[in-house]
Amino acid sequence: MLDIVFNTYILFRLYVLFRGTNVLRVLMAVVVMWIIGRSANAMGLVITNWVMQGVITVATFIIIIVFRNEISGVVRTRSLSFFLWEIPRTQINTPVSIISDAVAELAGSKIGALIVMPLKTGVDSIIGSGTDINASLSKEMLVNIFWPGAPLHDGAAVIQRGKITRAGTILPLSQNRQLASKYGTRHRAALGLTEQSDALVIVVSEERGKVSLVKDNRIHEVRDPDKIETLIKQYTGGPEPVKKMRRQTRELLVAAMVCLLCTTGLWLSFSRGMETLANYDVPIEFMNSDKKMNITYTSASRARLLISGARPLINALTLDQMSIKISLDGTAVGKNKLTITRQNVQLPPGIRLKNIEPDQVELTLDTMVEKRVPVQADFSGKLPEGLIMSNLRVMPETVKITGGELTMERLTTVFTEKIHLENLTTSGVINVGLVMNPATLRPDEKHKKVQIRYTISKKNSNDHTKS
């Protein structure tokens with residue numbers, strides 16, 4: 001789930017960053033080709049799948065080379081917060097009144113101007129020249145940019161998100177031969193940009209002092225200067241920013257849902273494609289056991305799981321990510337038979353369980369009791385020639401053992417670890433551990449080892465003669 005959410009957010013941020021640019025359109029075409037390729041692969045259309053993979057590879061290089069201006073336009077002069085969480089609202093917060101006042105003053109002074117307001121489609125891939133200024137929008141700033149003799153007055157100024165992002169920009173000229181002779185180079189440049197984007201371009205004629213709005217490859221002359229602000233609002237999406245804000249919010253929500261669906265589909269495609277089988281021996285964990293009871297016997301401590309999944313998921317799988325947990329609720333003292341079901345097996349997402357072996361486990365439960373049992377030294381071998389053990393004492397003679405009630409009923413003696421007689425040549429004291437049989441038995445913490453005191457002496461001549 002975390003994998004899907006994380007990659008969905010990355011995809012959504014890419015959409016936000018490149019929204020309205022040609023890069024996004026080409027990326028969407030690449031996604032469509034990828035879906036066609038995956039579908040062709042599923043249907044066994046090998047050649048079609050191979051062609052789609054080749055086209056996608058070439059398209060990746062085309063995006064980097066052809067749209068490098070748009071990509072660099074997104075990357076440069078942007079803060080970390082812009083890349084991670086900010087949502088740009090194109091032209092909604094732009095103070096149109098400032099633009100209209102500046103345009104009216106420029107027209108009244110017959111100062112030529114060219115102002116570009118990008119809308120949904122970006123213009124960075126079309127106009128790569130100019131100077132990045134990223135200045136706050138004001139009437140004085142706009143007038144100063146186009147003032148005769150100013151360094152940037154010959155080019156166009158680009159206004160986005162309430163700022164003058166670039167000035168001195170050269171626009172592509174239109175090749176329309178039917179353009180009226182009264183329109184000069186600025187009008188031809190405005191037409192050239194609107195032929196390739198949905199931007200609104202405001203033109204102020206230097207000779208006539210007239211204002212024109214250019215959009216969708218059409219020139220609209222403004223005859224009444226008082227209506228400049230109203231017309232700009234109309235061409236940029238309407239006079240009510242609140243409605244446009246709601247529309248953009250709905251658009252972003254739809255985009256987020258599409259990103260979630262695409263990421264989920266991609267994840268499922270990878271998790272189910274190229275299925276690989278694997279066997280794992282997974283330890284069995286017994287849960288919810290009664291503290292007064294102990295497991296004295298189990299027929300199996302591990303179960304072999306046959307699983308399937310995508311090769312990358314199988315290769316990255318570790319035993320820590322898998323578990324078999326069986327509840328001991330409802331069990332009783334004595335023998336119990338429990339079934340291992342799919343509900344007892346926990347696997348990571350994308351991994352599917354095919355088989356469990358064994359699918360049943362037998363175990364014996366016993367109530368824990370304490371009992372004091374005598375200790376007996378366990379000797380092996382024989383003493384060296386001519387020696388006898390004349391005295392032996394075990395300290396302590398009895399020890400407290402904890403274990404299951406059924407086992408303790410049969411327990412009469414506990415033995416020490418093997419003591420090799422051939423190594424004993426003189427009297428002494430040794431400390432040896434106790435052997436717990438079965439291993440579920442537990443000795444007292446103070447007496448995990450006992451002390452053996454023994455006396456070794458030589459055989460007398462009488463004993464030798466008798467023998």
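**Salt bridges, surface patches and strand pairing**

Good morning, colleagues. Lys448 and Glu445 join their side chains in a salt bridge, with 3.4 Å between N and O. Glu445 is exposed, at 61% relative accessibility, while Lys448 is partly exposed, at 44%. Please bear in mind throughout that what you see is a predicted model.

How many salt bridges does the count give? The count comes to ten. I shall take two further examples, beginning with Arg166. Arg166 forms a salt bridge with Asp132, and the closest N and O atoms of this pair are 3.5 Å apart. Arg166 belongs to strand S4, residues 163–169, and Asp132 to strand S2, residues 131–136; the two residues are 34 apart, and their pairing links distant parts of the chain. Is Arg166 buried or exposed? Arg166 counts as buried because its relative accessibility is 5%, and the cut-off for a buried residue is under 20%. Its partner Asp132, at 40%, counts as partly exposed.

The other example is the pair Lys182 and Glu221, whose side chains meet in a salt bridge at 3.2 Å from N to O. Lys182 sits in the loop between S4 and helix H8 (185–194), and Glu221 sits in strand S7 (residues 218–222); the salt bridge therefore ties together parts that are 39 residues apart in sequence. Both residues fall into the partly exposed class: Lys182 has a relative accessible area of 46%, and Glu221 has 27%.

Let us stay with the loop between S4 and H8, where Ser174 also lies. Ser174 has a relative accessibility of 2% and so counts as buried. Which residue is paired with Ser174 in a C-alpha distance of 7.7 Å? That residue is Leu193, which is 19 residues away from Ser174 along the chain.

I turn now to the surface. Lys120, Arg246, Arg247 and Arg250 form a positive patch there. Of these residues I shall describe Lys120. Lys120 is found in the loop between strand S1 (113–117) and S2. With a relative accessible area of 59%, Lys120 is exposed, since the exposed class begins over 50%.

A nonpolar patch on the surface is made up of Val58, Phe61, Ile62, Ile64, Ile65 and Val66. Together these side chains account for about 580 Å² of accessible area. Where does Val58 lie? Val58 is in helix H3, which covers residues 46–66. At 48% relative accessibility, Val58 counts as partly exposed.

The remaining part of my talk concerns the strands. By way of background, strands of a sheet pair through backbone hydrogen bonds, in either a parallel or an antiparallel sense.

One open sheet has five strands with mixed pairing, in the order S13-S11-S8-S10-S14. Why is one side of S13 and of S14 left without a neighbour in the sheet? Strand S13 (345–346) and strand S14 (352–357) stand at the edges and each has a single partner strand, so one side of each remains without a neighbour. For S14, let us look at its pairing with strand S10, residues 302–310: the two run antiparallel and are joined by five bridges. Within S10 and S14, Ser308 stands opposite Arg352.

Next comes strand S15, residues 360–380, which takes part in several pairings. S15 pairs with strand S9 (residues 293–298) in the antiparallel sense over five bridges, and Met293 has Thr367 of S15 as its bridge partner. Strand S12 (residues 334–339) also runs antiparallel to S15, and six bridges join them. Here Lys337 is opposite Glu362 of S15.

Two further pairings of S15 deserve attention. With strand S17, residues 398–404, S15 pairs in the antiparallel sense over seven bridges. Arg372 has Lys400 in S17 as its bridge partner. In which sense does S15 pair with strand S18, residues 414–420, parallel or antiparallel? That pairing is parallel and extends over five bridges. Gln376 stands opposite Phe415 of S18.

For those following in the viewer, I suggest these places in closing:

- Arg166 and Asp132, the salt bridge between strands S4 and S2.
- Lys182 and Glu221, the salt bridge between the loop before H8 and strand S7.
- Strand S15 with its parallel partner S18.

Thank you for your attention.

Notes: Residues numbered from 1 in each chain as written. Predicted model: local features only at pLDDT ≥ 70, side-chain atom pairs only at ≥ 80, totals over all residues. Heavy atoms only, no water. Salt bridge = Lys/Arg side-chain N within 4 Å of Asp/Glu carboxyl O. Helix = DSSP H or I, 4+ residues; strand = E, 2+ residues; numbered from the N terminus. Buried < 20%, exposed > 50% of the residue type's maximum accessible area, 1.4 Å probe, protein only. Patch = residues over 30% accessible without salt bridge, like charges linked within 9 Å, V, L, I, M, F, W, Y side chains within 5 Å. Areas by Shrake-Rupley, 256 points an atom, 1.4 Å probe, with all protein chains shown as cover. Lys, Arg positive; Asp, Glu negative; His and termini not counted. Charge placed at Lys NZ, Arg CZ, Asp CG, Glu CD. Pairing = 2+ DSSP bridges.
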